[in-house]
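Trainee: Could you walk me through this one? I'd like to start with the pocket and then work outwards.

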Amino acid sequence: MRATIFAAAIVMAASLLVLSYAFKETWYSSRFANVLSIAQDLDTYGSVPNETLLASMDSLSEIVDDNVCRSDIVKAGMSLVLKDLDYRYQLQEIASRSNGLIFAERYLRHALKCLPVDGNVWLRFAMVRYARTSDLDELAHSISLSQQLAPAEENIILGRFALWNSAPAQLQQKAAAAYNADKNAVCGSRWNLVRKQLPDLCPKTS
């Protein structure tokens, strides 16, 4: 009898946990529906109105403040944070740009806590940190992790080369293994489309 009661209690507890999880996920989907929707539009059309981005900023802050770590929400928010930063740079207003960088770094530190093995997040963090600091050792660490975690994703490799090419040449020396791995990947036989976007990277063949 006791065994039966104990088993029933376990089943009930497990059911409650499943229901609680399902409720939490549904609540997150509803709460951050605007972030997910705007990020989808951004992915589909390549841009969204700046006013739309501004309307999402409170929700982006809540993702960090409330320690929301659901991967689709965190990634969607990251896309909006980086797009907002692009808009701020276009305005050429130093204060706005500085505030955007501060929040972007805060958001990306949260994203790294949630997604520590995502090479794209490490790349975006490196880019934002490069805009704020000249610490090449820190930059080399971040971009090396990006390469290790995402060694063969074309868009991420292109992003890394944007950073390789804009940062001082010493970065390539400090993160030589990562740089050489990216170079070898691009110059390999299956990377024709990427290689066309980096015409000066690979040795010319006769």
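Mentor: Gladly, and please keep in mind that this is a predicted model. In the largest pocket, the element that gives the most to the lining is helix α4, with nine residues.

Trainee: Which elements give two or more residues to that lining?

Mentor: They are α2 (33–45), α4 (71–91), α6 (119–132) and α8 (154–166).

Trainee: And how many residues line the largest pocket, and which lie nearest its centre?

Mentor: The lining is made of 22 residues, and those nearest the centre are Met78, Ser79, Leu82, Asn120 and Arg124. Sorted by kind, the lining holds 11 nonpolar, five polar and six charged residues, and the space in the largest pocket is about 680 Å³.

Trainee: Stepping back a bit, how many helices and strands does the chain have?

Mentor: The chain has 11 helices and zero strands. Of its 206 residues, 41% count as buried, and the accessible surface of the chain comes to about 11,900 Å², with 56% of that belonging to carbon and sulfur atoms.

Trainee: What about contacts between residues that are far apart in sequence?

Mentor: If you take the contacts between residues at least 6 apart in sequence, 62% of them join residues at least 24 apart.

Trainee: Changing topic, how many aromatic pairs are there?

Mentor: The count comes to four aromatic pairs. One of them is formed by Phe103 and Tyr107, which are tilted, with 6.3 Å from centre to centre and 50° between the planes. Both residues lie in helix α5 (residues 94–114), four residues apart, which is about one turn of the helix.

Trainee: Are those two buried or exposed?

Mentor: Phe103 is buried because its relative accessible area is 14%, under the 20% cut-off, and Tyr107 is buried as well, with a relative accessible area of 0%.

Trainee: Why is the pair of Trp122 and Phe125 called edge-to-face?

Mentor: The planes of the two rings stand at 85°, and an angle over 60 degrees counts as edge-to-face, so the pair takes that name; the ring centres are 6.2 Å apart. Trp122 and Phe125 are three residues apart in helix α6, and therefore about one helical turn separates them.

Trainee: And how buried are they?

Mentor: Trp122 has a relative accessible area of 14% and is buried, while Phe125 also counts as buried, at 4% relative accessibility.

Trainee: Last one: which residues form an aromatic cluster?

Mentor: Phe161, Trp164 and Tyr179 form one aromatic cluster.

Technical notes. Residues numbered from 1 in each chain as written. Predicted model: local features only at pLDDT ≥ 70, side-chain atom pairs only at ≥ 80, totals over all residues. Heavy atoms only, no water. 1 Å grid on protein atoms, 1.4 Å probe; cavity = no way out; pocket = protein on both sides within 12 Å on 5 of 7 lines; lining within 4 Å. Points joined across faces, edges and corners; volume = space filled by probe spheres on them. Nonpolar A, V, L, I, M, F, W, Y, C, P; charged D, E, K, R; others polar. Buried < 20%, exposed > 50% of the residue type's maximum accessible area, 1.4 Å probe, protein only. Contact = heavy atoms within 4.5 Å. Areas by Shrake-Rupley, 256 points an atom, 1.4 Å probe, with all protein chains shown as cover. Phe/Tyr/Trp six-rings, centres within 6.5 Å; stacked < 30°, edge-to-face > 60°.
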